[in-house]
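Here are a few exercises to work through with the model open in your viewer. Try each task before you read its solution.

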Amino acid sequence: MNNLDNLRHTTSHLLAAAVLKLYPKAKITLGPPIENGFYYDIDFEDVKISDSDLPKIEEEMKKIIKSWEKIEGKELKENEAKKLFADNPYKLELIDEIVKRGEKITIYQSGDFIDLCRGGHIENPKKEIKYFKLLKIAGAYWRGDEKNKMLTRIYGTIFPTKEELDKYLWQLEEAKKRDHKKIGKELQLFLIPEEIGQGLLIWMPKGATIRREIENLIIKEQTKRGYLHVYSPHIGKKSLWQTSGHWDLYREKMYSPMIIDNEEYLIKPMNCPMHMMVYKSKPRSYRDLPIRIAENATVYRYEQTGELSGMLRVRHITQDDSHIFCREDQVVDEFLAVFDYIKFLLKIFKINDYYLRLGLRSKKEKYLGSDEIWNKAEEKIVQAVEKEGINYLKSEGDAAFYGPKLDVVIKDSLGRNWQAGTIQVDFMLPERFNLEYIDENNQIKRPVVIHRAPLGSLERFIGLLIEHYAGAFPLWLSPIQIAVLPVSDKFNLITRKIYQYLKEKNFRTVHLDNNETLSKKIRWATLQKIPYMIIIGDKEVKELKRELPEKISVRTREGKDLREINFYEFIDSLKSQIENFS
RNA sequence: GCCUGGAUAGUUUAGUGGUAAAACAAACCCUUGGUAAGGGUUAGAGUGCGGGUUCGAUUCCCGCUCCAGGCUCCA
């Protein structure tokens, strides 16, 4: 633990002390430091706590801190500790666990507040705890298990200086301006109408344009990299999903079956079985492998209502999906080729703030297959990432039910982590679908499948992109690339010519020939985050001819003002910008 | 699903136990204006839905729906 963590941890003790003073019946549980502050989970029993109670608790904290000259640790025996926390079942549970692990039981005291705690505190709370703020109330299950009682979690933050605290609070406000839900509404990128249903979104024309550009990029680039693109249906027989194992292990995410001609069908939650069928459509030779079947396909998954969130968590997910069928000796190279493609994409979108998560099995979940096969699959991934020297974080319980995976995790504007791209190694489905190829000795062999979606889902990824760019998309993605602005109505004829010319050259453009002042048109185009504005008035066209002007003025959405530049050179520079994804 | 909070014109917000106000956007008129809001006029919501209290509810109470932030889960 570093100093900031210690400061935050000690402040969480202070929070607990204030709560106990104001609510003597409350049972305090756990209060760790977190990335941007701290929290404390408290069982208030029948008392309801809301945001409006926070100032009162903050005041109490300020009173108590005056008497916290130091914080002292002490080791206790099990019976002493149990006596001390006799009326707090949560602490008793923790003590039992500490004893079971064979660790020492320690308590820490400041003023008259004592807490069961493994330590990690600052020296002088009174001196150091000054610039803190309680932020919000939330519910949290005891020990993070939804079968347990829900506790009240109070979040707060503290910094060593007032400047740092103010800066953090300011950043929180700024982040709200980048929220994709807000920008999506302002720029009309997508819509989630209540009438359609929760988690179901419409890509509005401008959002659809962004998606189409990205899909075009995906298909073009994947074709270069040897992928074959298919289209598959959105529903399939239930038996298909029984074969794949989804019906047994993924059912809670799947929508109820529908009956068609006396047979049960399911809406697909994944594309895997569809692509398995492509592979199975004819006998395969070892010479054919790897075979890379790809599809930007929409799958449907039941997500809990409380977890739906704009584009980042929806109930229909369009994956940039592919299944690579290969020989076992090709797995590592194929894995790395996918990883190279992921890096290529992240570079295009200038996403640097991400981490890689190695998703492994956890003990409590159910999975397909034997330990032996899982170990082999994990080995392949580890072999690949080590070969490339990739930094990753291990995470138990984040595996798919059919195999381990490596995920790309990206932060949103509020600093929350979202899984985007994923590469998964699967020895199970080939078995279940009885996939085969003939090897060089004319023997029947099983291929391995790599499931991969470099962006994850277009809904989530583009939601993250909106926040990443704060709505100011690079030229190639901008729904409107150029606005043509006549200085006054007198120039409408010539600006119309320019507008039509640009459209013919496949630029996405608007003609602002409404009766408004130039300033107002500029303001509108800037707020719409249109990268370029072409401005035409007396200075650009000396006489009102019908030909396109040689010289134009251009303003960027950032406010840069380029006067009297050559029209055709400008167009050429835009074309090369688009080719370079900038 | 669970916890806390919220829902007022297309959008952003104001407001009150006596029947809803403004800005932007829209339509029309005047203005023909040179780098982030020219001026005027008009239209537009009966306050998420249902019920209760009341002479009277957008305002108070209850239930529901949806949204936000968390928890659990996940692309």
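**Exercise 1.** Find out which residue takes a positive phi just after H15, and work out whether H15 itself is enclosed or open.

*Solution.*
- Step 1: Go to the end of H15. Just after this helix sits Ala-470, with a positive phi of about 50 degrees. Bear in mind that this is a predicted model.
- Step 2: Check the helix's length. H15 covers residues 458-469, and its 12 residues reach 16 Å from first C-alpha to last, close to the 16 Å expected at 1.5 Å a residue.
- Step 3: Count neighbours, calling a residue buried if 20 or more other C-beta atoms lie within 10 Å of its own. The buried ones include Leu-458, Phe-461, Leu-465 and His-468.
- Step 4: Draw the conclusion. Since 11 of the 12 residues of H15 are buried, the helix is largely enclosed by the rest of the structure.
- Step 5: Look for what does the enclosing. The buried residues pack against helices H6 (162-178), H7 (180-186) and H8 (205-224), and also against strands E16 (316-326), E19 (405-411) and E20 (417-426).

**Exercise 2.** Work out the strand order of the open sheet of 5 strands, then say how E26 is paired and whether it is buried or exposed.

*Solution.*
- Step 1: Lay out the sheet. The order is E25-E24-E26-E27-E28, and the pairing is mixed. E25 (509-511) and E28 are the edge strands, each pairing on one side only. From one strand to the next, the twist averages 25 degrees.
- Step 2: Take one neighbour of E26. Strand E24 (residues 482-486) pairs with E26 in the parallel sense, over 5 bridges. Along this pairing, Val-484 stands opposite Ile-534, and Pro-486 has Ile-536 as its bridge partner.
- Step 3: Take the other pairing. E26 and E27 (residues 551-556) are antiparallel, with 4 bridges; here Ile-534 has Val-554 as its bridge partner.
- Step 4: Check both faces of E26. Tyr-532, Ile-534 and Ile-536 are buried on one side, and Met-533 and Ile-535 are buried on the other. With 5 of its 5 residues buried, E26 is largely enclosed by the rest of the structure.
- Step 5: Add the helices. H18 (residues 567-579) lies across E27 and E28, at about 110 degrees to E28.

**Exercise 3.** Which helix gives the most to the surface near RNA strand B?

*Solution.*
- Step 1: Collect the surroundings. RNA strand B is surrounded by 66 residues, and the closest are Ala-138, Gly-139, Gly-306, Ser-488 and Gly-537.
- Step 2: Sort by element. Those that each supply at least two residues include E7 (131-141), E8 (150-159), H15, H17 (518-527) and E28 (561-566).
- Step 3: Pick the top contributor. H17 gives the most, with 7 residues.

**Exercise 4.** Which strands stand at the edges of the sheet E12-E14-E13?

*Solution.*
- Step 1: Read the order. The 3 strands form an open sheet, E12-E14-E13, with antiparallel pairing.
- Step 2: Find the edges. E12 (235-237) and E13 (258-260) each have a single partner strand, so one side of each is left without a neighbour in the sheet.
- Step 3: Look at one pairing closely. E13 and E14 (residues 263-267) are joined by 3 bridges, and the bridge partner of Ile-260 in E14 is Glu-263.

Terms used:
Residues numbered from 1 in each chain as written. Chains lettered and ligands numbered in written order. Predicted model: local features only at pLDDT ≥ 70, side-chain atom pairs only at ≥ 80, totals over all residues. Pairing = 2+ DSSP bridges. Expected span 1.5 Å × (residues − 1). Contact = placed C-beta atoms within 7 Å. Near = placed C-beta within 6 Å. Axes fitted to C-alpha atoms, helices over the stretch in contact; angles between N-to-C directions.
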